[in-house]
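Subject: Handover of a structure

Dear colleague,

Please find below the sequence and the structure that I am handing over to you. My notes on what was found follow directly after them.

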Amino acid sequence: MCRISHRLIGIKQILLILQKIRTMGRNSRKDIRYEKAFTLFLQHQYDGVSLSDIEKATNMTRGAIFYYHTSKLDLFKAVMKYYFINRQKVQTEIPFEGISLKDFIDRYVEAIGQQMETLRRVVGETGATTASKAYIILGLKLREYSEELNSEYTAIRNQIMANWVSALQNAEKTGEIKPQKDIQTLASLFVCTYFGLSIWESFQSGLDIEHLRHKFMYLYDMIKTDSGSPD
C-alpha cells in the first residue's frame, strides 16, 4: 500500500513538472511572438505591418498566428496591452504613503528607468532613438485602434496624476515642502516634465533618466522647506 502511495506521489510530481514545462514553453512562445510583433509595429507602425511580415518575423504560419489571435488588430491590441499598458501601470504602483516626497521622486524615476531598459532590450537593432519616437507615436495613436485600450491608458494617466497630488499633499502636511497655493498645478508640472522630456529627447537617443531626475530635483529644491527631507 505504501509503495502504491509513493508511486502516486511520484507520478503527481512528474505531471506537475511536465505541466510547468509546457506552461514555460507557451509563455516563451508568447514572449517571442509579442516581442517580434512589437518590434515590427515600432519600426513600421500598425498600417505598415502585414501579416506576411509577422509570419516571417515570428517564424509562425498564419494559421498558428490566428490560433492565438483572431486578426492582426487583435494581435496588435494584445501586444500593446503587454508592452505599453501594463508597463505604464507600473507608475501607478509606486507607494506614496509613509515616505518622503524625495523618496517618491527617486522611486518614480527608477520605475521609469526600468521601463526604458525593457524597451531597449526588446527593440535591439531598431535603435533607441527610432524606438523612443515610435513608442510615443503608438501611444498617441492608441485611440485609433482601440477605444478600450485608450480608456485604460487615460485611467492610468489620471491615477498617476492623483498619486502625485497625494504625494505632494503628504509632503506639505509633514512640512517637507512649503505650503502650496495649487497642489494640482504643481503635480501637473512634475507629470508634464516627464511627458515633455520624453518627447523632446525621443528625437535624440531616447529619454535620459538622469536628465529626468535632475529636472525633478530642480522642482523639488524650489518647493522644499529649509529642513527638507531627512536623508
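The lining of the largest pocket is made up of 13 nonpolar, 10 polar and three charged residues. Please bear in mind throughout that this is a predicted model.

The pocket itself has a volume of about 520 Å³. Its lining comprises 26 residues, and those closest to the centre of the pocket are F84, Y135, I136, Y153 and F195. Several helices contribute to this lining: α4 (72-89), α5 (101-123), α6 (128-140), α8 (147-174) and α9 (183-201) each provide at least two residues. Helix α6 gives the largest share, with five residues.

As for the overall architecture, the protein has 10 helices and zero strands. Read from the N terminus, the order of elements is therefore α-α-α-α-α-α-α-α-α-α under the helix and strand assignment used here. The protein has 231 residues, of which 41% are buried. Among contacts with a separation of 6 or more, 70% are between residues 24 or more positions apart.

The nonpolar interior deserves attention next. The largest nonpolar core has 62 residues, and L101 and W164 are the members that touch the most others. Helix α8 supplies the largest share of this core, namely 10 residues. When neighbours within four places in sequence are set aside, the contacts of W164 are L101, F104, I105, Y108, A187, F190, V191 and F216.

Aromatic residues form a further theme. In total, the structure contains 21 aromatic pairs. One of them joins F38 and Y135 in an edge-to-face arrangement, with 6.3 Å from centre to centre and 85° between the planes. Since F38 belongs to helix α1 (residues 2-44) and Y135 to helix α6, this pair ties together parts that lie 97 residues apart in sequence. Both F38 and Y135 are buried. Another pair consists of Y108 and Y194, whose ring centres are 6.3 Å apart and whose planes stand at 90°, so this pair is edge-to-face. Here too, distant parts of the chain are linked, as Y108 is in helix α5 and Y194 in helix α9, 86 residues apart. Both Y108 and Y194 are buried. In addition, one aromatic cluster is formed by Y34, F38, Y82, Y83, F84, Y135 and Y153. Two members of this cluster, F38 and Y135, make up the first pair described above.

Two leucines may help you to find your way through the packing. L142 lies in helix α7 (residues 142-145). With a relative accessibility of 0%, L142 counts as buried, because the cut-off is under 20%. Apart from neighbours within four places in sequence, L142 is in contact with M80, F84, I85, L149, N150 and Y153. L142 and K77 are separated by 65 residues in sequence, yet their C-alpha atoms are 9.3 Å apart in space. The second, L207, sits in the loop between α9 and α10 (209-223). Its relative accessible area is 3%, so L207 is also buried. Not counting residues up to four places away in sequence, L207 touches I112, M116, R120, S132, Y194, L197, S198, E201 and L212. From L207 to G113 the separation is 94 residues in sequence and 9.0 Å in space, C-alpha to C-alpha.

Finally, two loop residues have positive phi values without being glycine. For Q45, phi is near 65°, and this residue lies in the loop between α1 and α2 (51-58). For N59, phi is about 60°, and the residue is in the loop between α2 and α3 (62-68). Which of the two is buried and which is exposed? Q45 counts as buried, because its relative accessibility is 16%. N59, by contrast, counts as exposed, because its relative accessibility is 72%.

As a starting point on screen, I would suggest F84 and Y153: both are among the residues closest to the centre of the largest pocket, both belong to the aromatic cluster, and both are in contact with L142.

With kind regards

Key
Residues are numbered from 1 along each chain as its sequence is written. This is a predicted model: local features need pLDDT of at least 70, side-chain atom pairs count only at pLDDT 80 or more; totals for chains, interfaces and linings use all residues. Side-chain values use heavy atoms; hydrogens and water are left out. On a 1 Å grid over the protein atoms alone, a cavity is a set of points where a 1.4 Å probe fits but cannot get out, and a pocket is an open set with protein on both sides within 12 Å along at least five of seven lines; lining residues have an atom within 4 Å of a point. Grid points are joined across faces, edges and corners, and a volume is the space filled by probe spheres set on the points. Helices (H or I, at least four residues) and strands (E, at least two) are DSSP runs, numbered from the N terminus. Ala, Val, Leu, Ile, Met, Phe, Trp, Tyr, Cys and Pro count as nonpolar, Asp, Glu, Lys and Arg as charged, and the others, Gly among them, as polar. Buried means under 20% relative accessible area, exposed over 50%, partly exposed in between (1.4 Å probe, protein chains only). Contact means heavy atoms within 4.5 Å. A nonpolar core is a set of buried Ala, Val, Leu, Ile, Met, Phe, Trp, Tyr and Cys residues joined through side-chain atoms within 4.5 Å. Rings of Phe, Tyr and Trp (its six-membered ring) pair if their centres lie within 6.5 Å; planes under 30 degrees apart count as stacked, over 60 as edge-to-face and the rest as tilted.
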